[in-house]
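Here are my notes on the model, as numbered points. Please read them with the coordinates open.

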Amino acid sequence: MHEESVQADKSTEQTLPDSVYISVVRSLYAGANSLAIGILCAALTPVILFAKTGDAVQLYFGAYLLIFGVLRLALTQGFYQFNDKSPPAELYKKWEDYYTYLAAFYVAVLGIWYFVSILRSTDPFVQLYSLSMVLCYMIGIIGRNFASEKVVTSQTVISGVLIISGTVLTGEFYQIVLAIFLLPFLAAIHMLSKRLRNMLLQSELAAVENKMIADRFDVALDNVTHGIGMFDRDGKIVVANERFMKLSGLADWEIIGSDLSILLAAKIKDAEEDNLAAQIENCLRVNESRKFTFRNRTDQAVEADYNSMAGGGVVVLSDISERMAAEKAIRDLANFDPLTSLPNRRFFVQEIERKFTGPHGIIPCSMFFIDLDKFKEVNDTMGHAVGDALLTTISSRLKLLLNRRSMICRFGGDEFVVIVPNLIEKSECSAFADKIIQEMSLPVIIEGTKIDVGASIGIATAPYDGKDAEQLLQFADA
């Protein structure tokens, strides 16, 4: 406790941040209603004593207290108008001085009134009532003015000198004893005010520090590349950075404090049972961490990494569109011919095994092994660019000949392979092969030059010529 009080005392000696100092000054002018009640009671007290004693001096003090009280209320009203204009912090200094000076004058009048009243009358009611009034005002100093040390000091010193002097000058023994006991009372007022002031300043300084930490956290949060959202156990969104709102499709929404249902407004493309809101709700319910992916309304691929925590959970969103595009590009390079975009031999064989193979081997189908004629001559005489353009055109023509269930691949060089399910009759296979040859024999115009090529075709049918893709390829090639 002693160590904490020392730290509090040190904090009051330091230059206060502007926001804290402004709060101190504002606290002096707070509670205009209670100030008005106190002023009215103080002004009526001399009137009551006049009625009791007939001493006209009491009326003068009642008038003075009322005048200075009205001035204090007018100053308070002026401060409210000043404060509404959001002035710079340095201008608050003069308003603290205004309050200090006027409050000092007011308490001086109150102290002089007590001084005069205690010496002009020996009536026990007058002495008791006067002392009670000034003591009530002194206690009020703690409640209204504790935030400003110079206000408290000026009021306790001025009132203390006048109260103790008036009490001692009565010359009565017990009055002098009372004056002696008033000294620790005044010291206690000063100490209590200081203690409250330190508590206020510590609270304000902590609030400033917390706000600074929160602001830094917000800046850091909004500058990370990931979307971060935090949820309480009831599914309320308590933290969300801009990246989270963008990736979840809620960039222009106010989502802090909303529940998970607001994520449904993001129009995420996944099925309802797999959307972001449903996934997070499941994670909260079972209190476990997991990863899942979804596509938002701008078709970005987003990975969500949900981590369970006490009282809720936090989800980190990452845009994985580039990564998925890169993975797709790698898969395409491994599975497709980069020139014609047709499946390569390895992928073609895998797809045959996946789509055309049943429990008893390959289903009835026919395979056509196509070898272009004169391609080497075109490639050697007209260049590889023309040869590549020729292959691209031929592959496009072949795809137009196929139905939805058929498959085609570039086997290598100028060789293509086509597989057609449920085509096993020799006459039908020959007719389809003639159709391919006819299409391949049509002239191709490349860079204004007409190129004529043909095609040789080998045919294999399943299950007669082979029971798997490799056997059919070998037979058709032969």
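1. Start with S117. Leaving out residues up to four places away in sequence, S117 touches L49, Q58, V126 and S130. This serine sits in helix α5. Is S117 buried or exposed? S117 has a relative accessibility of 2%. The cut-off for buried is under 20%, so S117 counts as buried. Keep in mind that this is a predicted model.

2. Next, the largest nonpolar core. There are 29 residues in this core. W113, Y114, V134 and I163 have the most contacts inside it. Which elements give two or more residues to this core? They are α3 (32–53), α4 (57–83), α5 (92–120), α6 (124–145), α7 (149–169) and α8 (173–222). In general, nonpolar side chains of soluble globular proteins tend to be buried together.

3. V134 is a useful residue to inspect in that core. With neighbours within four places in sequence set aside, V134 is in contact with L110, W113, Y114 and I163. W113, Y114 and I163 are also listed, with V134, as having the most contacts inside the core.

4. A second core lies apart from the largest one. This other core has 28 residues. Among them are V378, I408, C429 and I436.

5. Now the surface. A nonpolar patch is formed there by L40, L44, V47, I48, L59 and F125. Together these residues have about 480 Å² of accessible area. Which helix gives the largest share of the patch? Helix α3 does, with four residues. α3 is also one of the elements that give two or more residues to the largest core.

6. Take L40 from that patch. L40 is found in α3. Its relative accessibility is 48%. Exposed would need over 50%, so L40 counts as partly exposed.

7. On to the strands. β3 (residues 290–295) pairs with β4 (residues 301–309) in the antiparallel sense. The pairing runs over six bridges. R295 has A301 in β4 as its bridge partner. The two strands form a hairpin, with five residues between them. In the turn, D299 has a positive phi of about 65 degrees.

8. Last, D332. This aspartate lies in helix α11 (residues 321–335). At 27% relative accessibility, D332 falls between the cut-offs of 20% and 50%, so D332 counts as partly exposed. How far apart are the C-alpha atoms of D332 and Y98? They are separated by 80 Å. Along the chain, the two residues are 234 residues apart.

Terms used. Residues numbered from 1 in each chain as written. Predicted model: local features only at pLDDT ≥ 70, side-chain atom pairs only at ≥ 80, totals over all residues. Heavy atoms only, no water. Core = buried A, V, L, I, M, F, W, Y, C linked by side-chain atoms within 4.5 Å. Buried < 20%, exposed > 50% of the residue type's maximum accessible area, 1.4 Å probe, protein only. Contact = heavy atoms within 4.5 Å. Patch = residues over 30% accessible without salt bridge, like charges linked within 9 Å, V, L, I, M, F, W, Y side chains within 5 Å. Areas by Shrake-Rupley, 256 points an atom, 1.4 Å probe, with all protein chains shown as cover. Salt bridge = Lys/Arg side-chain N within 4 Å of Asp/Glu carboxyl O. Pairing = 2+ DSSP bridges.
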